[in-house]
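Here's a quick walk through a model, with an eye on how far to trust it. Have a look at the structure first.

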Amino acid sequence: MVPYDRVRWNGAVGHFLCAGVAATERRPRVRAVTNASIAKNSVVTLHYKLTLDDGSIADSSFGGDPLAYLHGHGNLVPGLERQLAGKKAGDKFDAVVPPAEGYGEFDPAGEQTLPRSAFPPDVDIQAGMGFHTEDDHGNPIPLWVKAVDAAKKQITITSNHPLAGQRLNFTIEVVSIRSATKEELSHGHVHGPGGHHH
Ligand SMILES: [Zn+2]
């Protein structure tokens, strides 16, 4: 088990596809690229709809702002990123991603109950919230609150992503493709609209 004694507030779990952190806005220089196909270091904007096998829609960007991501840097689940490679702006397609290439198989051993004192004192902890802890090398490990007891003294956490064990059925529409800036490459994520603001 990972050490859960250093649990930190991670904001809302937020995006199913990409964990962004909002701060101050800073717009990148946008380079237009025509006729490009998605390859490593492409900045891609896309619309997506994620449907689960029971027919429920887990998430969708259609009707809102498209998602921006940096291709080839592990910012999307691997099975979706793989199927986006080579696509062009305007392409629409369906991508089916099995759990092993999505949010992982469900691990029944990945649950643990912790005292409330292991968590930040100023956060009203509720089921579904995301936190992170760290491994011995300081790498963040995501975890989620599964349940809180009535007295709010015992918190059950899980290392399973809320969509672990689920097959992911994506409907994708690629909106735009450009090259990443040097700054984006050094950070490993997109800056500006649809990406990180900091
Ligand atoms: Zn950045």
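Over which residues from 9 on does pLDDT stay under 50, and how many contacts beyond four places in sequence does the model have for them? The stretch is 9-28, and the model has 45 such contacts for it. Here pLDDT is the predictor's confidence in each residue, from 0 to 100, and two residues are in contact if their C-beta atoms, placed from the backbone, lie within 7 Å.

This is a predicted model, so local features need pLDDT of at least 70 and side-chain atom pairs 80 or more, while totals for chains, interfaces and linings use all residues. Numbering starts from 1 along each chain as its sequence is written.

The mean pLDDT of the protein is 83, with 83% of residues at 70 or more. Residues 1-5 fall below 50, and that stretch has 11 contacts beyond near neighbours in sequence. Where pLDDT is low, don't read the predicted coordinates in detail. Among the elements, these are the two extremes:

| Strand | Residues | Mean pLDDT |
|---|---|---|
| β1 (lowest) | 8-9 | 52 |
| β5 (highest) | 92-97 | 98 |

As for the fold, there are two helices and 10 strands, running β-β-β-β-α-β-β-β-β-β-β-α along the sequence. Helices (H or I, at least four residues) and strands (E, at least two) are DSSP runs, numbered from the N terminus. Of contacts between residues at least 6 apart in sequence, 72% join residues at least 24 apart.

Now zoom in on A151, in the loop between β8 (140-148) and β9 (154-158). A151 counts as exposed because it has 7 C-beta neighbours inside 10 Å, the cut-off being 12 or fewer. R116 is 35 residues away in sequence and 9.9 Å away, C-alpha to C-alpha.

Conventions
A residue is buried if 20 or more other C-beta atoms lie within 10 Å of its own, exposed if 12 or fewer, and partly exposed in between; C-beta atoms are placed from the backbone.
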